[in-house]
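The following exercises concern burial and packing in a protein structure. Please work through each task before reading its solution.

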Amino acid sequence: MSFNARTEPALEVDPLGLDGVITELGGRRILDGVTLPVEAGKITALVGPSGVGKTLCVRHLTGLLAPTAGRVMMDGRDMTTLTRQELREHRRQMGVLFQGSSAQGAGLFGSLSVLDNLRFVLRSQTDLSDEEIMERARIQVEQVGLAQFADAFPQTLSTGMARRAALARALVTEPRMLLLDDLDSGIDDIRLSLLADLVRQAQADTGMTVLVTTHDPELVDELADTVAVLRSGRIRSIGPPHEVLAKGGRGGGTFLAGDRTAGLEMAPEAVGPATLTEVNHQPVGVEGRQLPAALLGFFIMVAIAATWFYVAANHTPG
């Protein structure tokens, strides 16, 4: 259901895009000249392995992080030329699903219920009446399959449910631009297909411009009008999904076909925790190995033994 479906023609200028963007963090070049147009009124999927820089692209496009070099384009203008008010107004036209396995990581307020998270956004970004806000929020919660959890707090939800609640919040204002980072994370295949249908219908109703980052080739095929493959810091292939798929491994087709390592030059696994932070010291991403089960068990036994000896040494009979 659409509350204010737009009927005007598609924008002549793409509302979002990256032009020759270079991003260096922690002495490492993550993006190396990325040019990514996000076509107005279309759904673009950005694919690539974990750690390749998809989330960085989203952060640039939301204006949360400035690149080392290159331009972030917003309605045909370089982001650096916008005033603070213009940037704030541009963001008000965005719905964003942030990457994150927790409710807070996905952008939800932990002190508000699922329903109130949506009402808060509507109250701050629209002129709707309280009755209209309640109606729209409840309908959107129902559409993502969380009607019975409308009054639940985000931290009580599973990862997949929290992601669906965050998607509902991103969609509820019917934004002009929708950015969905790692949409498929923590969501089972059946619900993911339903959410893809929801996003596609919302886009058709409103004409919004959508960017989705994902690892799921089936989601790309089901949802995207255009797919861009990010590999080794650059966009290596861009076009309709069937054309990119036909190009094979050189253009990233093997990734879309289901081979998530072949031809993508994935970085070696980190040998210890490695965290990248942006200018406001918020984590961009974390990679690392888990402790082997045997070693973890050893540490647990040591901790239990130390606790027993401490209690025995300090116990006074009586």
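**Exercise 1. Determine whether leucine 82 counts as buried or exposed, and locate its surroundings.**

Step 1. The relative accessibility of leucine 82 is 15%. Buried means under 20% relative accessible area, exposed over 50%, and partly exposed in between, with a 1.4 Å probe and protein chains only. Leucine 82 therefore counts as buried.

Step 2. The residue lies in the loop between strand 5 (77–78) and helix 2 (84–92). Helices (H or I, at least four residues) and strands (E, at least two) are DSSP runs, numbered from the N terminus.

Step 3. Leaving aside residues up to four places away in sequence, leucine 82 touches Met74, Arg77 and Leu87. Contact means heavy atoms within 4.5 Å.

A note on the basis of these values: this is a predicted model, in which local features need pLDDT of at least 70 and side-chain atom pairs count only at pLDDT 80 or more, while totals for chains, interfaces and linings use all residues. Residues are numbered from 1 along each chain as its sequence is written, and side-chain values use heavy atoms, with hydrogens and water left out.

**Exercise 2. State which residues glutamine 203 touches, not counting residues up to four places away in sequence.**

Step 1. Glutamine 203 is placed in helix 6 (residues 189–206).

Step 2. With 8% relative accessibility, glutamine 203 counts as buried.

Step 3. Its contacts beyond those sequence neighbours are Gly41, Lys42, Ile43, Met208 and Val210.

**Exercise 3. Explain why helix 1 (residues 54–61) is described as largely enclosed by the rest of the structure.**

Step 1. The buried residues of helix 1 are Lys54, Thr55, Leu56, Cys57, Val58, Arg59, His60 and Leu61.

Step 2. Because eight of the eight residues of helix 1 are buried, the helix is largely enclosed by the rest of the structure.

Step 3. Just after helix 1, glycine 63 takes a positive phi of about 80°.

**Exercise 4. Describe how the axes of helix 3 (residues 114–125) and helix 5 (residues 159–171) cross.**

Step 1. The two axes, lines fitted to C-alpha atoms over the stretch in contact, with angles from 0 to 180 degrees between N-to-C directions, come within 9 Å and cross at roughly 20°.

Step 2. Helix 3 is therefore roughly parallel to helix 5, a term for angles under 35 degrees.

Step 3. Val114, Asn117, Leu118 and Val121 in helix 3 meet Ala165, Ala168 and Arg169 in helix 5.

Definitions and conventions. Angles under 35 degrees count as roughly parallel, over 145 as roughly antiparallel, 65 to 115 as roughly perpendicular and the rest as oblique.
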